[in-house]
Amino acid sequence: MKRLTLISLILPVAFLLSACATGTSSSSWPGLAADANQAYLASGAFVYAVRLTDGSKAWQYPDKAGTQHFYSQPVLTSDGQVLVGSAGTDYGLVSLDATTGQPKWGAPFTSSDNWVSPPLVVADTVYAANNNGTLYALDLVTGQKRWSVPLGRLMWGAPASNGKLVFVASLDHFLYAVDPTSRSV
(Lines give C-alpha, C1' and ligand atoms only; values in the text may rest on other atoms or scores of the structure.)
Protein backbone atom coordinates (compact mmCIF):
# COMPACT_ATOMS: atom_id res chain seq x y z
CA MET A 1 0.00 0.00 0.00
CA LYS A 2 2.84 2.40 0.87
CA ARG A 3 4.47 1.57 -2.45
CA LEU A 4 1.29 2.45 -4.39
CA THR A 5 0.94 5.73 -2.50
CA LEU A 6 4.56 6.61 -3.18
CA ILE A 7 4.20 5.87 -6.90
CA SER A 8 0.98 7.87 -7.11
CA LEU A 9 2.82 10.87 -5.62
CA ILE A 10 5.96 10.56 -7.72
CA LEU A 11 4.21 10.33 -11.10
CA PRO A 12 2.34 13.69 -10.89
CA VAL A 13 5.43 15.44 -9.52
CA ALA A 14 7.58 14.01 -12.34
CA PHE A 15 4.98 15.12 -14.88
CA LEU A 16 4.90 18.66 -13.49
CA LEU A 17 8.69 18.92 -13.39
CA SER A 18 9.00 17.68 -16.97
CA ALA A 19 6.80 20.57 -18.08
CA CYS A 20 9.43 22.95 -16.71
CA ALA A 21 12.24 21.44 -18.76
CA THR A 22 13.50 23.25 -21.80
CA GLY A 23 14.31 21.41 -24.96
CA THR A 24 16.16 22.41 -28.03
CA SER A 25 14.20 23.41 -31.05
CA SER A 26 15.27 24.65 -34.40
CA SER A 27 13.59 26.77 -36.98
CA SER A 28 16.31 26.07 -39.53
CA TRP A 29 19.09 23.67 -40.33
CA PRO A 30 22.14 25.77 -41.18
CA GLY A 31 23.96 25.32 -44.46
CA LEU A 32 27.66 26.12 -44.74
CA ALA A 33 30.11 26.74 -47.57
CA ALA A 34 33.59 28.28 -47.59
CA ASP A 35 36.29 29.61 -49.86
CA ALA A 36 39.87 30.62 -49.01
CA ASN A 37 38.79 33.83 -47.25
CA GLN A 38 35.30 33.44 -45.84
CA ALA A 39 32.72 30.97 -44.62
CA TYR A 40 29.10 31.46 -45.73
CA LEU A 41 26.34 30.38 -43.40
CA ALA A 42 22.64 30.29 -44.29
CA SER A 43 20.61 30.06 -41.11
CA GLY A 44 17.16 31.28 -40.21
CA ALA A 45 16.34 34.66 -41.72
CA PHE A 46 19.91 35.50 -42.80
CA VAL A 47 22.93 34.51 -44.86
CA TYR A 48 26.23 35.45 -43.20
CA ALA A 49 29.79 35.77 -44.44
CA VAL A 50 32.43 35.26 -41.74
CA ARG A 51 36.10 36.10 -42.22
CA LEU A 52 38.30 33.05 -41.66
CA THR A 53 41.22 35.15 -40.43
CA ASP A 54 39.52 36.46 -37.27
CA GLY A 55 35.95 35.06 -37.19
CA SER A 56 34.35 38.48 -37.61
CA LYS A 57 31.20 39.03 -39.65
CA ALA A 58 31.98 40.41 -43.12
CA TRP A 59 28.32 40.88 -44.14
CA GLN A 60 24.81 39.57 -43.71
CA TYR A 61 21.93 39.33 -46.15
CA PRO A 62 19.34 40.80 -45.88
CA ASP A 63 19.98 43.76 -43.58
CA LYS A 64 16.74 43.11 -41.65
CA ALA A 65 14.69 39.94 -41.27
CA GLY A 66 11.89 39.68 -43.80
CA THR A 67 10.04 36.88 -45.55
CA GLN A 68 13.21 34.87 -46.24
CA HIS A 69 14.09 31.76 -44.26
CA PHE A 70 17.19 29.94 -45.39
CA TYR A 71 17.53 26.14 -45.13
CA SER A 72 19.65 25.29 -48.14
CA GLN A 73 23.41 25.26 -48.18
CA PRO A 74 24.96 28.24 -49.98
CA VAL A 75 26.72 27.38 -53.23
CA LEU A 76 29.86 29.24 -54.31
CA THR A 77 30.42 29.77 -58.01
CA SER A 78 33.72 30.24 -59.82
CA ASP A 79 32.75 33.83 -60.74
CA GLY A 80 32.28 34.97 -57.11
CA GLN A 81 28.58 34.39 -56.50
CA VAL A 82 26.92 32.89 -53.45
CA LEU A 83 23.68 31.18 -54.49
CA VAL A 84 21.10 30.34 -51.84
CA GLY A 85 17.38 29.66 -51.87
CA SER A 86 14.79 30.72 -49.34
CA ALA A 87 12.33 28.39 -47.66
CA GLY A 88 10.36 31.43 -46.51
CA THR A 89 7.23 32.84 -48.05
CA ASP A 90 9.15 34.86 -50.65
CA TYR A 91 10.23 31.66 -52.52
CA GLY A 92 13.35 33.44 -53.81
CA LEU A 93 16.62 32.01 -55.07
CA VAL A 94 19.23 34.77 -54.74
CA SER A 95 22.70 35.42 -56.07
CA LEU A 96 24.93 37.43 -53.76
CA ASP A 97 28.36 38.91 -54.36
CA ALA A 98 30.71 36.81 -52.20
CA THR A 99 32.77 39.87 -51.24
CA THR A 100 30.03 42.38 -50.40
CA GLY A 101 26.83 40.35 -49.89
CA GLN A 102 24.98 42.56 -52.36
CA PRO A 103 22.56 40.92 -54.83
CA LYS A 104 24.11 40.20 -58.23
CA TRP A 105 20.96 39.33 -60.19
CA GLY A 106 18.42 42.06 -60.93
CA ALA A 107 15.92 40.23 -58.72
CA PRO A 108 15.74 36.84 -57.01
CA PHE A 109 14.37 34.02 -59.14
CA THR A 110 11.04 33.10 -57.58
CA SER A 111 8.99 29.95 -57.82
CA SER A 112 5.76 28.75 -56.23
CA ASP A 113 7.29 26.93 -53.26
CA ASN A 114 10.32 26.66 -50.95
CA TRP A 115 13.94 26.12 -51.90
CA VAL A 116 15.22 23.45 -49.52
CA SER A 117 18.05 21.93 -51.56
CA PRO A 118 21.12 23.81 -52.76
CA PRO A 119 21.40 24.43 -56.50
CA LEU A 120 23.96 22.85 -58.81
CA VAL A 121 26.11 24.93 -61.17
CA VAL A 122 27.39 23.35 -64.38
CA ALA A 123 29.25 25.73 -66.71
CA ASP A 124 26.93 28.77 -67.09
CA THR A 125 23.73 27.07 -65.91
CA VAL A 126 22.19 26.85 -62.45
CA TYR A 127 20.04 23.75 -61.86
CA ALA A 128 17.69 24.30 -58.96
CA ALA A 129 15.17 21.78 -57.62
CA ASN A 130 12.16 23.46 -56.04
CA ASN A 131 9.81 21.99 -53.48
CA ASN A 132 6.98 22.31 -56.02
CA GLY A 133 8.48 19.30 -57.84
CA THR A 134 10.08 21.30 -60.67
CA LEU A 135 13.70 21.37 -61.82
CA TYR A 136 14.65 24.84 -63.10
CA ALA A 137 17.58 25.73 -65.35
CA LEU A 138 18.70 29.34 -64.91
CA ASP A 139 21.30 31.52 -66.54
CA LEU A 140 24.18 31.88 -64.06
CA VAL A 141 24.88 35.53 -64.90
CA THR A 142 21.32 36.91 -65.01
CA GLY A 143 19.23 34.42 -63.02
CA GLN A 144 16.71 34.26 -65.87
CA LYS A 145 14.87 30.99 -66.42
CA ARG A 146 16.06 29.02 -69.44
CA TRP A 147 13.64 26.13 -68.99
CA SER A 148 11.88 24.02 -66.39
CA VAL A 149 10.74 20.41 -66.12
CA PRO A 150 8.03 19.24 -63.72
CA LEU A 151 9.24 16.03 -62.08
CA GLY A 152 7.60 14.79 -58.93
CA ARG A 153 6.82 15.89 -55.46
CA LEU A 154 8.90 17.60 -52.81
CA MET A 155 12.60 17.83 -53.67
CA TRP A 156 14.98 18.29 -50.76
CA GLY A 157 18.15 16.82 -52.25
CA ALA A 158 20.69 18.72 -54.31
CA PRO A 159 20.79 17.98 -58.04
CA ALA A 160 23.89 16.16 -59.28
CA SER A 161 25.38 15.71 -62.74
CA ASN A 162 27.65 13.32 -64.58
CA GLY A 163 28.34 15.94 -67.27
CA LYS A 164 25.57 14.64 -69.54
CA LEU A 165 22.49 14.28 -67.33
CA VAL A 166 21.17 16.09 -64.25
CA PHE A 167 19.93 13.79 -61.49
CA VAL A 168 17.33 14.82 -58.94
CA ALA A 169 15.90 12.72 -56.11
CA SER A 170 12.35 13.39 -54.98
CA LEU A 171 10.43 12.52 -51.86
CA ASP A 172 8.11 10.45 -54.06
CA HIS A 173 10.92 7.81 -53.93
CA PHE A 174 12.10 8.34 -57.51
CA LEU A 175 15.43 9.40 -58.93
CA TYR A 176 14.94 11.48 -62.05
CA ALA A 177 17.53 11.79 -64.82
CA VAL A 178 17.02 14.88 -66.96
CA ASP A 179 18.76 15.50 -70.29
CA PRO A 180 19.44 19.27 -70.32
CA THR A 181 19.65 19.34 -74.11
CA SER A 182 16.31 17.72 -74.87
CA ARG A 183 14.77 18.50 -71.45
CA SER A 184 13.46 14.96 -71.37
CA VAL A 185 13.23 12.74 -68.31
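Modeller: Buried means under 20% relative accessible area, exposed over 50%, and partly exposed in between (1.4 Å probe, protein chains only). This is a predicted model: local features need pLDDT of at least 70, side-chain atom pairs count only at pLDDT 80 or more, and totals for chains, interfaces and linings use all residues. Residues are numbered from 1 along each chain as its sequence is written, and side-chain values use heavy atoms, without hydrogens and water.

Biologist: Is D124 buried, partly exposed or exposed?

Modeller: Partly exposed is the class between under 20% and over 50%. The relative accessibility of D124 is 43%. So D124 counts as partly exposed.

Biologist: How many residues apart in sequence are the parts that D124 and R146 tie together?

Modeller: Their side chains form a salt bridge (Lys or Arg side-chain nitrogen within 4 Å of an Asp or Glu carboxyl oxygen), with N to O at 3.2 Å. D124 sits in the loop between β9 (120-122) and β10, and R146 in β12. Strands here are DSSP runs of E, at least two residues, numbered from the N terminus. So the pair links parts whose separation in sequence, in residues, is 22.

Biologist: Which residue forms a salt bridge with R146 at 2.7 Å?

Modeller: R146 is partly exposed at 33%. The partner is buried, at 19% relative accessibility. Shared partners join D124, R146 and this residue into one network. The partner is D139.

Biologist: How many residues are in the largest nonpolar core?

Modeller: A nonpolar core joins buried Ala, Val, Leu, Ile, Met, Phe, Trp, Tyr and Cys through side-chain atoms within 4.5 Å. Y127 and W147 are among those touching the most other members. The residue count of this core is 13.

Notes
Helix = DSSP H or I, 4+ residues; strand = E, 2+ residues; numbered from the N terminus.
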